[in-house]
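The exercises below are to be worked with the sequence and the coordinates side by side. Each task is followed by a solution that proceeds step by step.

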Amino acid sequence: MSSNTTSDLSVDQINQIVAYVNKYRAMNQAPPMVFNNSISSFSKQWSNYLLTNNLFQHSGTQLYGENLAFFQGYGTDIVTLIKLSIDAWYNEISVYDFKNPGFSEATGHFTCLVWISSTDFGIGISIDNKTQKAIISMNTSPPGNVIGNFQQNVLPSVSVPSPVPSPVPSPVPSPVPSPVPSPVPIPVPSPLPSPVPSPVPTPVPSPITQKSQFTQIISYLNNIIYWVKIRKPTNFLILQINNVINMLLSTNYENINNVVYSLQMVTFYIQTRHPTAYVINLLNNIISQISVYV
């Protein structure tokens, strides 16, 4: 028997998700969307198809806008996983250029989420209970991301959003359908016998150390751009991207979720043989985000 589940959302779960979506839309002057059962049925069918067939790709429907997210190893709570997807989609705002509005692969989830003309949405989630793989599909109507209509449909935020609390480890949706290792729990030391010495505060990296780390990461990313241009093997490139992710995780970069998600999008583009220009453009966007710390 398959361990995959595609769950119907309860009224309470729907209310929580609707409120969460519309909280983000309100930040960018967009009116609230309503939950549509018909759209949600389509979303559920598509998320189940992707999970069952170990795929991660858009449905290609012309009826709806569409956002996708992939998780593994972050539990099976439906609302938690859907909220994490919405967080990740909205976090693309950090690289959206409101002075030059338009579509880009790096910000398409954000613009779909806050598209003013969209009035209805549905969400589907499918989970493999054995592996904790989860695919979330959100569809919107009328569809957003219409070329030429960005300026009037994607507005700047009217307030600075409060930071969204992240669980440990911070979950990052990944479009890569290949297995992702589950988070490794941090071992907790056994209690020491009494009396217990006062703990020594963990030293905070000095600005020089932190600056050096980001300089090294930027250098590494520029090397990856070069390797992409000369068409190094896919496995080699993915290994280097994973190295950069591990380097980032050792810093206290405040926007790490969004950057790691962008790096995993780079991996997805490489695996699915997107044009080299897409990969390089996204890598350059990541470098721009990190450069403020150098």
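**Exercise 1. Strand pairing around β4**

Determine which residue of β4 stands opposite Val34, and then establish how β4 is paired with its partner strands.

Solution. In this predicted model, Val34 stands opposite Asp120 in β4. Val34 is part of a pairing in which strand β2 (residues 34-35) and β4 are joined by 2 bridges and run parallel. Turning to the other partner, β4 and β5 are joined by 9 bridges and run antiparallel, and within this pairing Ile127 stands opposite Ala134 in β5. The hairpin that β4 and β5 form has 4 residues between the strands, and in it Gln132 takes a positive phi near 65 degrees. Strand β5 (residues 133-141) is also joined to β3, by 8 bridges in an antiparallel arrangement, with Glu66 opposite Asn139 in β5.

**Exercise 2. The two faces of β3 and β4**

Assign the residues of β3 and β4 to the two directions in which they point, and state whether they are buried or exposed.

Solution. The starting point is that side chains in a regular strand alternate between the two faces of the sheet. For strand β4 (residues 120-128), Asp120, Gly122, Gly124, Ser126 and Asp128 point one way, whereas Phe121, Ile123, Ile125 and Ile127 point the other way. The burial count for this strand is 9 of its 9 residues. For strand β3 (residues 65-72), Gly65, Asn67, Ala69 and Phe71 point one way and Glu66, Leu68, Phe70 and Gln72 the other way, and here 8 of 8 residues are buried.

**Exercise 3. The nonpolar core and helix α7**

Identify the residues that touch the most other members of the largest nonpolar core, and follow the contacts of one of them.

Solution. Nonpolar side chains tend to be buried together in soluble globular proteins. The largest nonpolar core in this model holds 74 residues, of which Ile136, Leu221, Leu248 and Leu263 touch the most other members. Helix α8 (residues 256-271) supplies the largest share of this core, namely 10 residues. Taking Leu263 as the example, and setting aside neighbours within four places in sequence, one finds contacts with Leu221, Ile241, Val244, Ile245, Leu248, Leu283 and Ile286. Among the buried residues of α7 are Ile241, Val244, Ile245 and Leu248, each of which is also in contact with Leu263.

A check on the geometry of α7 (residues 234-249) completes the step: its 16 residues, at 1.5 Å a residue, should span 22 Å, and because the end C-alpha atoms are 23 Å apart, the two values agree.

**Exercise 4. Aromatic rings and charges**

Find which residues form one aromatic cluster, and locate the charged ends that sit over a ring.

Solution. The rings give a count of 17 aromatic pairs, and one cluster is formed by Tyr20, Tyr24, Tyr90, Tyr96, Phe98 and Phe110. Tyr24 of this cluster also has the charged end of Lys23 over its ring, 4.6 Å from the ring centre. In another such arrangement, the charged end of Lys232 sits over the ring of Phe236, at 5.1 Å from the centre.

**Exercise 5. Backbone exceptions and accessibility**

Locate the cis peptide bond and the positive phi values in the loops after β5 and after α6, and classify the accessibility of Asn145, Arg231 and Ile218.

Solution. The background expectation is that most residues other than glycine have a negative phi, and that most peptide bonds are trans. The bond from Ser141 to Pro142 is cis, with omega near -15 degrees, and Pro142 has its place in the loop between β5 and α5 (150-153). Asn145 is in that loop between β5 and α5 as well, and has a positive phi near 55 degrees. Because its relative accessibility is 22%, Asn145 counts as partly exposed. Arg231, in the loop between α6 and α7, has a positive phi near 60 degrees, and with a relative accessible area of 66% Arg231 is exposed.

Ile218 lies in helix α6 (residues 207-229), and its relative accessibility of 12% is why Ile218 counts as buried. The C-alpha atoms of Ile218 and Asn284 are separated by 9.6 Å, although the two residues are 66 residues apart along the chain.

Definitions and conventions
Residues are numbered from 1 along each chain as its sequence is written. This is a predicted model: local features need pLDDT of at least 70, side-chain atom pairs count only at pLDDT 80 or more; totals for chains, interfaces and linings use all residues. Side-chain values use heavy atoms; hydrogens and water are left out. A nonpolar core is a set of buried Ala, Val, Leu, Ile, Met, Phe, Trp, Tyr and Cys residues joined through side-chain atoms within 4.5 Å. Buried means under 20% relative accessible area, exposed over 50%, partly exposed in between (1.4 Å probe, protein chains only). Contact means heavy atoms within 4.5 Å. Rings of Phe, Tyr and Trp (its six-membered ring) pair if their centres lie within 6.5 Å; planes under 30 degrees apart count as stacked, over 60 as edge-to-face and the rest as tilted. A charge sits over a ring if NZ of Lys or CZ of Arg is within 6 Å of the ring centre and within 35 degrees of the ring normal. Two strands pair if DSSP finds at least two bridges between them. The expected span of a helix is 1.5 Å times one less than its number of residues.
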